Amino acid sequence: MEVVAAEMDGETVMISIENGKYYGMDAIASRIWELIEAPQSVAEVVRILGEEYEVEQQQCQADIVGFLDCLHKEGLIKVA
């Protein structure tokens, strides 16, 4: 899977070379994308974002897993 991503005004924009789709991410989604650029466990991403945004761990995990599931379904990430 080949994805080209760039930051614009604090948000990430991406295009999938394979499917030709364009994606825009808000600041929080962009932060998740930044954290998973290097292999990272979901638990670690939840821990980091929970601290940065002072959000309840269960809600943080549910939101992150949902977002990662969407990325996976679009073929933008691989789950190991």
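1. Glu54 is placed in the loop between α2 and α3, and in this predicted model its phi is near 50°, a positive value in a residue other than glycine. The position is just after α2. Most residues other than glycine have a negative phi. With a relative accessibility of 73%, Glu54 counts as exposed, because the cut-off for that class is over 50%.

2. A second residue deserves to be read alongside Glu54, namely Asp9, which lies in the loop between β1 (3-8) and β2. The phi of Asp9 is near 55°, again a positive value in a residue other than glycine. Asp9 has a relative accessibility of 81% and therefore counts as exposed.

3. Helix α2 itself, covering residues 42-53, can be checked for its length: at 1.5 Å a residue, its 12 residues should span 16 Å, and the C-alpha atoms at its ends are 16 Å apart, so the two values agree.

4. Which residues of α2 are buried? They are Val45, Val46, Ile48, Leu49 and Gly50, and the elements against which these buried residues pack are α1 (27-36) and α3 (57-73).

5. The largest nonpolar core has 18 residues, and those that touch the most other members are Met25, Leu49, Ile64 and Leu71. Two or more residues of this core are given by each of β3 (22-25), α1, α2 and α3, with α3 providing the largest share, five residues. Leu49, one of the residues just named for their many core neighbours, is also among the buried residues of α2.

6. For Ile64, once its neighbours within four places in sequence are set aside, the residues in contact are Ile32, Val42, Val45, Val46 and Leu49. Among these partners of Ile64, Val45, Val46 and Leu49 belong to the buried residues of α2, and Ile64 itself is, with Met25, Leu49 and Leu71, one of the core residues that touch the most other members.

7. On the surface, Val4, Ile15 and Ile17 make a nonpolar patch of about 240 Å². Of the residues in this patch, Ile15 lies in strand β2 (residues 11-16). Ile15 is classed as partly exposed, because its relative accessible area of 34% is neither under 20%, as burial would require, nor over 50%, as exposure would require.

Technical notes:
Residues are numbered from 1 along each chain as its sequence is written. This is a predicted model: local features need pLDDT of at least 70, side-chain atom pairs count only at pLDDT 80 or more; totals for chains, interfaces and linings use all residues. Side-chain values use heavy atoms; hydrogens and water are left out. Helices (H or I, at least four residues) and strands (E, at least two) are DSSP runs, numbered from the N terminus. The expected span of a helix is 1.5 Å times one less than its number of residues. Buried means under 20% relative accessible area, exposed over 50%, partly exposed in between (1.4 Å probe, protein chains only). Contact means heavy atoms within 4.5 Å. Patches are made of residues with over 30% relative accessible area and no salt bridge: like charges are joined within 9 Å, nonpolar side chains (Val, Leu, Ile, Met, Phe, Trp, Tyr) within 5 Å. Accessible areas come from the Shrake-Rupley method with a 1.4 Å probe; for residues, only the protein chains shown count as cover. A salt bridge is a side-chain nitrogen of Lys or Arg within 4 Å of a carboxyl oxygen of Asp or Glu. A nonpolar core is a set of buried Ala, Val, Leu, Ile, Met, Phe, Trp, Tyr and Cys residues joined through side-chain atoms within 4.5 Å.
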